[in-house]
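Q: Could you walk me through this model, starting with the overall layout and then going down to a few local details?

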Amino acid sequence: MLPIVKMENIVKRFPLVCANDHINFEIKKGEIHCLLGENGAGKTTLMNILYGLYGCDEGKIFIRGEEVCFRGPSDAIKKGIGMVHQHFMLIPVFTITENLILGAEPTKGISLDIKKAEEEITALSQKYRLNIDPQAYVMDISVGMQQRAEILKLLYRGADIMIFDEPTSILTPQKVKELYKIMNFLKESGQTIIFITHKLKEVMDISDRVTILRDGKVVDTVETSTTNPSKLAKMMVGREVLFQVEKPKKKIGKTVLEVENIFAKNQRGLSALRGLNLKVSEGEIVGIAGIDGNGQKELTEALTGLRKVDNGKIIINGKDLTNRETREFFTVGRIAYIPEDRLLRGLILDFPLYENFILGLQDNKPFAKGVFLDFIKAKEFSQELLHKFDIRDSNIEALANTLSGGNQQKVVVARELQRAPKLIIASQPTRGLDVGATEFVHQQIIKQSNEGKAILLISLELSEIINLSDRIIVIYEGKFRGEFNAQSANEAEIGLMMAGGGVSLNENGKK
Amino acid sequence: MEMLEKVFNIAIFASTLRIATPILLASLGGVMSERSGVINIGLEGMMLMGAFGAAVGSYFYGPWTGILIGIAIGGLMGLIHAFMSVTVKANQIISATAINIFAVGFPNIMVPIIWPGYHAITPVVPVIKDIRLPLIADLPVIGTIIGNQNPIVYIALILVPIINYFLFRTPLGLRIRSVGEHPKAADTLGINVVKMRYIAVISSGFLAGLGGAFLSIAYQSQFSRAMTQGRGFIGLAAMIFGRWKPVGAFIACLLFGFADALQASAQSAGVPIPPELLLAAPYVLTLIALVGLIGKRAVGPAANGKPYEKG
Amino acid sequence: MKMEKSNLEQIIFENKGAFSFIKAFTAIIFALILGAIILLLMGNNPIEAYSALVQGAFGSKRCFAETILSTTPLMLGGLAFALAYRCGLFNIGVEGQIAMGGMAAAFLGYSITGLPPIIHLPIVLIGAALMGAVWGIGPGFLKARYGIHEVISTIMLNYVAFKITGYMVSVKGPMKALADEMPASPRILNSAKIIRIWTGTRLHWGILIALVLTVVVYYILFKTRLGYKIRAVGKNRFAAETVGISVPRHYVITMMLSGLLGGLAGGVEICGVHYRLLAAFSPGYGFDSIAVALLGMLHPFGIIFSAFLFGILRSGAILMQAMAGVSKDMVQVISAIIIFIMGMSEPLGKFFTERLMRNKDGNVRKSI
């Protein structure tokens with residue numbers, strides 16, 4: 001039987017990297033096909049080509065046996081292809097209806113026929129059992145409804161080949177199961193689904209077949225029923241992967257971070273932190289698990305002076321730093337902060353490395369000499385760190401934007417750890433990093449903990465939290481919901497908490 | 001007391017409309033441009049070039065052709081800004097500043113060539129005369145305010161609901177707004193971000209050009225160097241004040257226009273404040289409006305000012 | 001399979017070394033060519049016009065002196081704009097800061113009596129600078145506290161400055177010199193003048209002040225902690241605030257320093273050239289500063305050269321108007337073209353390096 005999608009010999013190059021290197025890829029009609037690979041393997045690029053967002057440098061694409069040449073997403077949409085992106089392509093200040101009809105607007109004369117649109121959308125949502133409120137503004141609805149809206153967007157345009165790019169990164173384990181149900185129903189209704197992921201479990205749970213990409217090349221395409229996670233992992237990474245990190249026994253010292261009953265609002269003035277209590281001690285790694293958007297961002301901002309708390313106290317190193325300036329958190333609190341967005345907040349891309357290594361350290365000795373900055377010392381310092389943290393293929397004069405993601409993160413980590421902090425706040429420290437860089441960061445975190453630093457780890461990857469933390473606390477809707485020890489950590493139970501289920505803490509923080 | 005009466009009379013409201021018109025046109029231009037995500041600080045320059053073009057056109061071909069030429073030149077400047085901002089992806093403020101500086105200098109080098117012997121100011125050109133709306137002008141209070149104005153004033157007033165309808169009720173308007181909020185999302189649906197932004201920015205040029213044309217061949221009867229005197233920027237402030245909505249911008253422009261009309265009325269009534277200081281009033285008012293009445297978060301379209309990079 | 005960016009890209013992207021010189025030079029050539037085309041279209045003879053320009057700038061002792069005379073405020077104004085830009089701020093208000101600085105200088109120059117020059121002149125100049133700082137710090141504060149875009153606020157303050165200074169020397173204005181017919185203030189005392197150093201010309205030693213300040217600004221930007229922080233805020237204010245650098249505070253400080261330089265420019269003009277406040281004593285130096293700063297690659301040493309270029313344009317334009325009949329405003333047009341070209345240079349540069357980086361077979365080269 002003819003494959004519904006055939007991508008032949010696809011090559012796509014970017015200035016720094018060849019993202020797709022002679023890829024051959026086929027999809028059968030009506031199957032759920034996973035595209036598996038780690039960050040940077042080329043999965044999203046390939047699908048962006050299929051969806052017409054990129055052109056390919058070489059190669060051919062056949063849809064239902066017919067060769068096509070897409071000049072843009074509209075061509076792909078006409079051929080029945082739709083894509084739900086990893087980061088939602090919804091306009092917050094528009095309604096769901098406005099978002100769904102964009103580019104395919106029903107009209108009455110010269111104006112938009114919103115009523116007709118709403119009717120059509122409601123009918124569709126009932127047919128596919130995707131409940132949404134057409135008149136709601138996207139910024140007001142839940143993540144789940146946003147995802148359903150994205151799916152409806154494709155169906156509204158008559159898509160029957162649906163591409164999902166990492167759709168579960170923002171979902172709780174329960175919501176993921178709901179998504180699987182939706183996908184199976186879509187499959188039964190005749191849809192063909194391509195599912196991009198880097199999570200082995202998802203591949204095993206939902207797919208019929210899986211294609212593994214590594215470094216821009218196809219490793220293999222297999223029937224899911226004939227494989228297992230460790231085989232897949234080996235193909236994905238190219239070597240045996242250690243799923244567990246070695247954690248020797250540690251001595252827990254005195255309390256370094258004490259958070260007492262803090263309340264804070266988010267960017268839009270809504271309540272984001274609702275009475276959090278937390279203690280982190282020397283030698284301890286405390287992991288905060290949770291779905292994105294439950295207060296983690298506001299928590300890290302409060303703990304670094306970037307956000308005001310309305311109530312409560314933050315005591316670091318014995319000093320009350322509630323609502324103090326960021327600078328004091330560093331100087332008095334002796335914190336180090338690895339921000340979740342290294343490109344935006346961790347580095348200055350247009351500065352050379354020797355100026356990035358001293359970012360935040362410029363007022364300290366030995367770099368500060370009166371009003372002047374001792375650039376000689378800065379360069380020596382940078383050279384040392386470059387060596388110590390094994391940042392290769394670069395030199396201290398290079399601009400930060402010339403480095404790979406992994407090396408960029410190394411610069412941030414190196415700089416922050418050199419502060420000799422008492423408390424390290426690491427927010428999604430391995431986001432977007434390949435396995436090698438991730439291992440490196442994890443090793444550093446463990447090392448610092450063994451040396452007696454207190455570490456607060458915030459991550460959206462549950463496996464990372466479970467791997468590294470001594471204690472795990474779940475955050476949900478601005479409150480801490482449950483606390484687990486490393487030994488008793490159970491992914492299902494934690495996941496349930498992350499979704500708002502399970503037993504919650506009483507005032508003493510006990511189950 | 002008598003002086004107060006002299007200052008505050010019905011005529012003030014009529015002048016308000018007249019004074020507000022060029023600011024309003026600039027402001028509507030700002031709304032169009034920024035709703036698509038392109039900051040347009042160059043409205044001042046576009047207006048100025050429009051004023052010049054209209055004066056030249058009117059001198060040789062009559063006032064109505066002058067208007068068309070003014071609008072066209074404004075659109076041309078808009079095209080340049082669109083090219084710089086959207087295609088070249090240069091810094092939008094730099095590009096706009098270049099347009100503003102160009103607009104101050106260029107007319108002046110042309111004036112002596114077109115009209116030998118003249119330098120910073122053109123000779124008087126044919127103007128668009130005010131008209132009288134038959135039934136409306138006879139109404140008691142409203143008649144004085146709105147019954148006897150320049151056609152361009154009426155055009156500007158009508159443009160407010162038209163542009164409002166366009167932006168919020170038509171497919172093209174929806175697409176333009178989407179491009180200003182989340183260009184990537186629009187792109188993934190096959191909307192041509194570049195085309196939308198070009199349309200919006202060139203339109204803003206047309207509007208600014210019309211505003212400038214009004215200045216040189218209706219409000220006054222000749223072109224003089226840098227005659228826009230900051231109206232383009234005040235229009236931008238009105239746009240922010242009106243939260244990027246045509247109706248809001250209109251109200252803001254009325255306020256600014258009123259302040260200016262008040263100042264002129266005070267001058268002629270002999271209020272003992274030096275004229276030069278009174279003339280500073282609109283600018284001071286703009287500053288105050290930006291600070292006090294907006295509050296801390298006047299947020300425009302989310303993607304405003306950021307060039308769109310594919311991939 | 002990731003690669004680090006090559007050296008070639010690095011050189012082209014960043015304004016490093018000789019390549020930035022080439023960029024600026026190319027911009028000037030292009031602008032002059034475009035200017036010539038415009039002149040041709042207008043029916044002028046570009047060669048005649050340009051040679052009049054050059055003659056006006058260098059032709060005689062007096063002309064050359066005028067060139068340097070114009071260079072001085074342009075250098076200071078260029079430094080003002082560049083410093084603000086380095087912090088991510090657009091100080092379009094240099095013209096107004098010049099005006100206010102000049103006003104303060106004139107006032108302090110004619111109203112304080114009985115001081116020796118060595119005290120009077122510094123007081124006058126410092127007063128002018130402080131006045132400019134006040135005019136600059138307002139927009140800085142508005143941006144820091146309320147997020148109000150400094151372009152609008154500085155432009156508004158420009159107009160206010162023009163109205164205020166115009167008022168001061170208007171017929172009934174408080175600073176009007178009663179004896180004179182023209183709108184001007186009384187003359188400043190000799191003790192406040194920057195004396196002339198070249199007989200037969202108007203050249204005063206203010207150029208030294210500008211050069212000294214160029215070095216000062218260079219040191220501040222590239223050798224001090226403050227300059228590092230200013231540049232950090234300018235390049236990435238999010239990263240800066242994340243590591244504890246206060247963005248609002250640096251906005252205010254930078255706008256204050258920028259205004260200071262603008263006010264000083266005004267003061268130097270009054271004390272060196274005009275000796276009194278005139279209604280519109282600056283022929284647009286503040287707006288030229290923008291082009292000067294961009295052309296000088298926002299680097300103090302580059303600004304020395306670009307300011308000199310614009311000094312040539314300014315002083316040469318007078319003769320160009322007299323002899324070739326081309327309006328002085330040609331300078332504005334060339335200024336605008338230069339700003340356009342400089343504005344395009346980085347994005348175009350990116351576009352071309354991406355092309356250059358590919359071999360014939362499409363593979364990406366690591367370095368040349």
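A: What follows is a short exchange about a predicted model, taken topic by topic.

Q: How is chain A divided into domains?
A: The domain assignment of chain A gives domain 1 as 5-237, domain 2 as 244-334 + 421-511, and domain 3 as 350-420.

Q: How far apart are the C-alpha centres of domain 2 and domain 3 of chain A, and how many residues are in contact?
A: The C-alpha centres of domain 2 and domain 3 of chain A lie 27 Å apart, and 11 residues of domain 2 are in contact with nine residues of domain 3.

Q: Which helix gives the most to the domain 2 side of that contact?
A: That is helix α15 of chain A, residues 435-450, which supplies six residues to the side of domain 2 that touches domain 3. By class, that side of domain 2 divides into six nonpolar residues, four polar and one charged.

Q: Switching to the two chains, how many residues are in contact there?
A: On chain A there are 20 residues in contact with 16 residues of chain B. Two elements of chain A, α2 (73-78) and β8 (111-112), each supply at least two residues of the side that touches chain B, and the largest share, three residues, comes from α2(A).

Q: And what classes of residue make up that side of chain A?
A: The side of chain A that touches chain B has 12 nonpolar residues, six polar and two charged.

Q: Now helices: how does the span of α5 in chain A compare with what is expected?
A: Helix α5 of chain A covers residues 143-156, 14 residues, and reaches 20 Å from its first C-alpha to its last, close to the 20 Å expected at 1.5 Å a residue.

Q: Is α5(A) largely enclosed or largely open?
A: Because 10 of its 14 residues are buried, α5(A) is largely enclosed by the rest of the structure. The buried residues include charged-type names such as R148(A), E150(A) and K153(A), listed with others such as I151(A) and L152(A).

Q: What covers those buried residues of α5(A)?
A: The cover includes β6 (81-84), α3 (96-101), α4 (114-127), β9 (161-165) and α6 (173-188) of chain A. Just after α5(A), G158(A) takes a positive phi of about 75°.

Q: Which residues other than glycine have a positive phi, for instance in the loops?
A: Among them is N323(A), with a positive phi of about 60°, which sits in the loop between β17 (319-320) and α10 (326-331) of chain A. Another is D390(A), with a positive phi of about 55°, in the loop between α13 (375-388) and α14 (405-417) of chain A.

Q: Are N323(A) and D390(A) buried or exposed?
A: N323(A) is partly exposed, because 15 other C-beta atoms lie within 10 Å, whereas D390(A) counts as exposed, with 10 C-beta neighbours inside 10 Å.

Q: How do β11 and β12 of chain A pair?
A: Strand β11 (residues 209-214) and strand β12 (residues 217-223) of chain A pair in the antiparallel sense over six bridges, and the bridge partner of L213(A) in β12(A) is V218(A). Their hairpin has two residues between the strands, and D215(A) there takes a positive phi near 50°.

Q: One last thing, where is the cis peptide bond that involves P366(A)?
A: The bond runs from K365(A) to P366(A), with omega near 0°, and P366(A) is found in the loop between α12 (353-356) and β19 (368-369) of chain A.

Terms used. Residues are numbered from 1 along each chain as its sequence is written. Chains are lettered from A and ligands numbered from 1 in the order in which they are written. This is a predicted model: local features need pLDDT of at least 70, side-chain atom pairs count only at pLDDT 80 or more; totals for chains, interfaces and linings use all residues. Two residues are in contact if their C-beta atoms, placed from the backbone, lie within 7 Å. Helices (H or I, at least four residues) and strands (E, at least two) are DSSP runs, numbered from the N terminus. Ala, Val, Leu, Ile, Met, Phe, Trp, Tyr, Cys and Pro count as nonpolar, Asp, Glu, Lys and Arg as charged, and the others, Gly among them, as polar. A residue is buried if 20 or more other C-beta atoms lie within 10 Å of its own, exposed if 12 or fewer, and partly exposed in between; C-beta atoms are placed from the backbone. The expected span of a helix is 1.5 Å times one less than its number of residues. Two strands pair if DSSP finds at least two bridges between them. Domain bounds come from an automatic or database domain assignment.
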